[in-house]
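Work through the exercises below with the sequence and the 3D structure open beside you. Try each task before reading its solution.

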Amino acid sequence: MLINMLEGIEKIYIAYGITDFRKQISSLCSIVKDKYGRNPYNNSAYIFCNKKRNSIRVLWYDKNGFVLAQKTLLDADKMKFQWPRNSEELKQLNKRQLEWLLSGLKIEQKTS
């Protein structure tokens, strides 16, 4: 579902580390702008993860307003998103990496 929602987005970024999920759209926009030096109003999506790594939030600007979508894994004890821990980095993902992330896989797969 999230993949379909992000179909027209030019760039997708993953915000490494954890994010306090009490933060809403305005606070997440501030993180994008102040911490990462990006314009939250461009045609990009930004993905954040909570401390337990069982929930992600996706923020993007949709022509006349912001959209904030969330995916939470149901079995939080057994399932976790494979989330990078370096908290100061913003990394661009391609569509395949986004599919891997949403499927519970690491965004960096080994190639043979």
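The exercises that follow concern a predicted model.

**Exercise 1. Positive phi angles**

Task: Find where Arg53 lies and state what is notable about its phi. Then do the same for Lys63.

Solution:
- Step 1. Arg53 sits in the loop that links β2 (44-49) and β3 (55-61).
- Step 2. Its phi is positive, about 60 degrees, although Arg53 is not a glycine.
- Step 3. Lys63 belongs to the loop between β3 and β4 (66-72).
- Step 4. The phi of Lys63 is also a positive value, near 65 degrees, in a residue other than glycine.
- Step 5. Is Lys63 buried or exposed? Its relative accessible area is 75%. The cut-off for exposed is over 50%, so Lys63 is exposed.

**Exercise 2. The pairing of β3 and β4**

Task: Describe how β3 and β4 are joined, and name the bridge partner of Ser55.

Solution:
- Step 1. β3 and β4 run antiparallel, and seven bridges join them.
- Step 2. Ser55 has Thr72, in β4, as its bridge partner.
- Step 3. The hairpin of β3 and β4 has four residues between the strands, and Lys63 takes its positive phi in this hairpin.

**Exercise 3. The two faces of a helix**

Task: List the buried residues of helix α3 (residues 95-102) and work out how they are placed around its axis.

Solution:
- Step 1. The buried residues of α3 are Gln97, Leu98, Leu101 and Leu102.
- Step 2. They cover an arc of only 135 degrees around the axis, so they lie on the same side of α3.
- Step 3. What do these buried residues pack against? Their partners are α1 (2-5), β1 (11-15), β2, β3, β4 and β5 (90-93).
- Step 4. Now look at the ends of α3. At its start, a side-chain oxygen of Asn94 comes to within 3.1 Å of the backbone nitrogen of Arg96. After α3 comes Gly104, with a positive phi near 90 degrees.

**Exercise 4. A salt bridge**

Task: Count the salt bridges, name the residues involved, and classify each by its accessibility.

Solution:
- Step 1. The count is one salt bridge.
- Step 2. It is formed by the side chains of Asp20 and Arg22, with an N to O distance of 2.7 Å.
- Step 3. Side chains of opposite charge can pair when their charged atoms come close.
- Step 4. Asp20 has a relative accessibility of 31%, so it counts as partly exposed. Arg22 has a relative accessible area of 71%, so it is exposed.

**Exercise 5. Nonpolar cores**

Task: For the largest nonpolar core, identify the residues that touch the most other members, then list the contacts of Trp83.

Solution:
- Step 1. This core has 21 residues, and Leu6, Ile47, Ile56 and Trp83 touch the most other members.
- Step 2. β1, β2, β3 and α3 are the elements that give two or more residues to this core.
- Step 3. Apart from this core lies another, of 12 residues, including Ala15, Ile31, Tyr36 and Phe48.
- Step 4. Beyond its neighbours within four places in sequence, Trp83 is in contact with Ile14, Ala15, Tyr16, Gly17, Ile47, Phe48, Cys49, Arg53, Ile56 and Leu101.

**Exercise 6. Leu28**

Task: Locate Leu28, decide whether it is buried or exposed, and list its contacts.

Solution:
- Step 1. Leu28 is in helix α2 (residues 25-35).
- Step 2. Its relative accessible area is 1%, so Leu28 is buried.
- Step 3. Leaving out neighbours within four places in sequence, Leu28 contacts Thr19, Lys23, Phe48, Leu59 and Leu68.

Note on methods
Residues are numbered from 1 along each chain as its sequence is written. This is a predicted model: local features need pLDDT of at least 70, side-chain atom pairs count only at pLDDT 80 or more; totals for chains, interfaces and linings use all residues. Side-chain values use heavy atoms; hydrogens and water are left out. Buried means under 20% relative accessible area, exposed over 50%, partly exposed in between (1.4 Å probe, protein chains only). Two strands pair if DSSP finds at least two bridges between them. The arc is that of the directions from the helix axis to the C-beta atoms. Contact means heavy atoms within 4.5 Å. A polar contact is a pair of N or O atoms within 3.5 Å; within protein, one must be able to donate a hydrogen and the other to accept it, and residues adjacent in sequence count only if both atoms are side-chain atoms. A salt bridge is a side-chain nitrogen of Lys or Arg within 4 Å of a carboxyl oxygen of Asp or Glu. A nonpolar core is a set of buried Ala, Val, Leu, Ile, Met, Phe, Trp, Tyr and Cys residues joined through side-chain atoms within 4.5 Å.
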